[in-house]
Amino acid sequence: MKPKVLYRILLVLVMLVLFALGLCFIGVALNFITADTVNAIAALPYASAINGWITAGVGLLLCLIAIVLIIGFNRRAPKNQAPASAVISQNEMGISSITLAAIDDMVKRHCATANGNVKKCDSRIAVVENKLKIDLRVVIAEEANIPETTEALRTSLIDYIQTITGIQVSDVSILVSTEPEKKAEA
């Protein structure tokens, strides 16, 4: 999360105050600042009403800065949402894009028609560094050879999507699953 400029400025101010306070403590510990000096500074707010108001104002300002910093740095950044589309081509005249939902439909149609051993296919599409990442969860026929079926599906799907959309496919992950058992009706 990159903080806003206001929060950075306030943070610098608080850090400067804490740095000065730290130097004062070091000075007291090493006897550079005497007890008489500390007593004189501590007695200033009690010397007159105006000094008391100034001290209260400085304290209030520091509390407000602390609250603003706590709220500002604890705000949740909006989640980085995956792009809803992928760029097909781009030139000085404009951009051609395709929605991830359209690519998802293409993937599901291809899984259903490309290989007779795939009984069911669920997919998730993501764009990573201007390339498509496709995650499949498939149910295949019981008698099918799993390594051959998944490899054939992977290569045919990559060729199909790259040919149709022109977008490079970086990864196709396939998880072979079983169909959920249907509950028997009583």
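Two strands count as paired if DSSP finds at least two bridges between them. Keep that cut-off handy for the exercises below, and remember that this is a predicted model.

**Exercise 1. Work out in which sense β3 and β4 pair, and over how many bridges.**

Solution. Start with strand β3, residues 118-128, and set it beside β4. The two run antiparallel and share ten bridges. Now check the register with single residues. C121 sits opposite V138 of β4, and D122 has R137 as its bridge partner in that strand. Finish at the turn: β3 and β4 make a hairpin with two residues between them. One thing to look at there is E129, whose phi is positive, at about 50 degrees.

**Exercise 2. Place β3 and β4 in their sheet, and explain why one side of β3 and of β5 has no neighbour in it.**

Solution. First get the order: three strands form an open sheet, β3-β4-β5, and the pairing is mixed. β3 and β5 are the edge strands and have a single partner each, so one side of each is left without a neighbour in the sheet. Then look at the twist: ignoring direction, neighbouring strands here are turned by 15 degrees against each other on average.

**Exercise 3. Find which helices lie on these strands, and at what angles they run.**

Solution. Take helix α4 (residues 100-114) to begin with. This helix lies across β3 and β4, and runs at about 150 degrees to β3. Next comes helix α5 (residues 146-165), which packs on the sheet and touches β3, β4 and β5. Compare directions for α5 and β5 and you get about 145 degrees.

**Exercise 4. Describe how β1 and β2 are connected and paired.**

Solution. The link is a hairpin that takes two residues to get from β1 to β2. Strand β2 covers residues 94-99, and six bridges join it to β1 in an antiparallel arrangement. For a landmark, find S85, which stands opposite T99 in β2.

**Exercise 5. Characterise the lining of the largest pocket: which residues, which elements, which classes?**

Solution. Begin with the space itself, about 260 Å³. Around it you'll find V17, L21, C24, V28, I33, V38, I41, V58 and L62. Sort them by element: α1 (5-29), α2 (35-47) and α3 (49-74) each give at least two residues, with α1 providing the largest share, four. Then sort by class: nine are nonpolar, and there are no polar or charged residues.

**Exercise 6. Do likewise for the second largest pocket: what is its volume, and which elements and classes line it?**

Solution. The volume is about 150 Å³. Its lining includes K119, V139, I140, E142, I146, S177 and E179. Two elements give two or more residues, namely β4 (131-140) and β5 (169-177). By class, this lining has six nonpolar, two polar and three charged residues.

**Exercise 7. Decide where the model's confidence is lowest and where it is highest.**

Solution. Get the overall picture: the protein's mean pLDDT is 84, and 91% of its residues reach 70 or more. Now go element by element. Strand β1 (residues 85-91) has the lowest confidence, with a mean of 76, while β5 has the highest, at 91. As a reading tip, where pLDDT is low, don't read the predicted coordinates in detail.

Key:
Residues numbered from 1 in each chain as written. Predicted model: local features only at pLDDT ≥ 70, side-chain atom pairs only at ≥ 80, totals over all residues. Heavy atoms only, no water. 1 Å grid on protein atoms, 1.4 Å probe; cavity = no way out; pocket = protein on both sides within 12 Å on 5 of 7 lines; lining within 4 Å. Points joined across faces, edges and corners; volume = space filled by probe spheres on them. Nonpolar A, V, L, I, M, F, W, Y, C, P; charged D, E, K, R; others polar. pLDDT = per-residue confidence, 0-100. Axes fitted to C-alpha atoms, helices over the stretch in contact; angles between N-to-C directions. Contact = heavy atoms within 4.5 Å.
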